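The following exercises introduce a structure to a reader who has not met it before. Each task is followed by a solution in steps.

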Amino acid sequence: MVVLNRIYTRTGDAGDTALSDGTRVPKHDPRVEAYGTVDELNATLGLARLHAEGPMAAQIGVIQNELFDLGADLSRPRMAADGEAPYEVLRMIQTQVDRLEAEIDAMNAALSPLRSFILPGGTPLATHLHLSRTVARRAERRAVELAAGGDANPVAVRYLNRLSDWLFVAGRVANANGADDVLWVPGASR
């Protein structure tokens, strides 16, 4: 269990921070960028959840919790050393990706095929979901950067990729199952 009885520690005042294994790195380290972007994504989903109801609100709540798991995963380098940790290391697992895929399939079943790209907009919920989608894509790029260096959980990358798809489809659902999608009109202002 996490116990936070003191919010400021002053340990980061010189511009560095501790990863979950205790390693100190600069606050601009790619790993910090990756889990910081996941934290930003979680905040944007909090805004979306303000407008959601029923099953979608519950699904967003599950995703927000998983994003904390994802942040913990990304904040721990050296996956090969997980077995040496004095605690169970929290890593994303394939069943989390599989659940997102099942939810995407269920939501997408009610949608008509796209005949145009869509613009972020429509309902407040859809707009916030599209904003979250763009932040998810940035978080994915940051995680891919870590993976290219050989030090990121490949399931974490897959989760972010699938989550951006989930957010896109959920945005369409939030726009009256696509009926209120804002369609891109190429060259409309020419």
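**Exercise 1: Two loop residues**

Alanine 176 counts as partly exposed, because its relative accessibility is 44%; partly exposed lies between buried (under 20% relative accessible area) and exposed (over 50%), with a 1.4 Å probe and protein chains only. The model is a predicted one, in which local features need pLDDT of at least 70 and side-chain atom pairs count only at pLDDT 80 or more, while totals for chains, interfaces and linings use all residues. Residues are numbered from 1 along each chain as its sequence is written, and side-chain values use heavy atoms, without hydrogens and water.

Task: State where alanine 176 is found and what its phi is.

Solution.
Step 1. Alanine 176 belongs to the loop between α5 and β4 (182-183); helices (H or I, at least four residues) and strands (E, at least two) are DSSP runs, numbered from the N terminus.
Step 2. The phi of alanine 176 is near 55°, a positive value in a residue other than glycine.
Step 3. Asparagine 177 is likewise placed in the loop between α5 and β4, and its phi is near 55°.
Step 4. With a relative accessible area of 36%, asparagine 177 is partly exposed.

**Exercise 2: The order of elements**

Task: Determine how many helices and strands there are in the chain, and how they run.

Solution.
Step 1. The chain holds five helices and four strands.
Step 2. Read from the N terminus on, the elements run β-β-α-α-α-β-α-α-β.
Step 3. The C-alpha atoms fill a box of roughly 50 × 35 × 35 Å, taken along the principal axes.

**Exercise 3: The nonpolar core**

Task: Identify which residues of the largest nonpolar core touch the most other members, and which elements give two or more residues to this core.

Solution.
Step 1. A nonpolar core is a set of buried Ala, Val, Leu, Ile, Met, Phe, Trp, Tyr and Cys residues joined through side-chain atoms within 4.5 Å.
Step 2. The largest such core has 43 residues, of which Leu129 and Trp166 touch the most other members.
Step 3. Two or more residues each come from α1 (30-51), α2 (54-74), α3 (94-108), α4 (124-148) and α5 (154-174).
Step 4. The most is given by α5, with 11 residues.
Step 5. Leaving aside neighbours within four places in sequence, tryptophan 166 is in contact (heavy atoms within 4.5 Å) with residues including Met56, Ile60, Leu100 and Met107.
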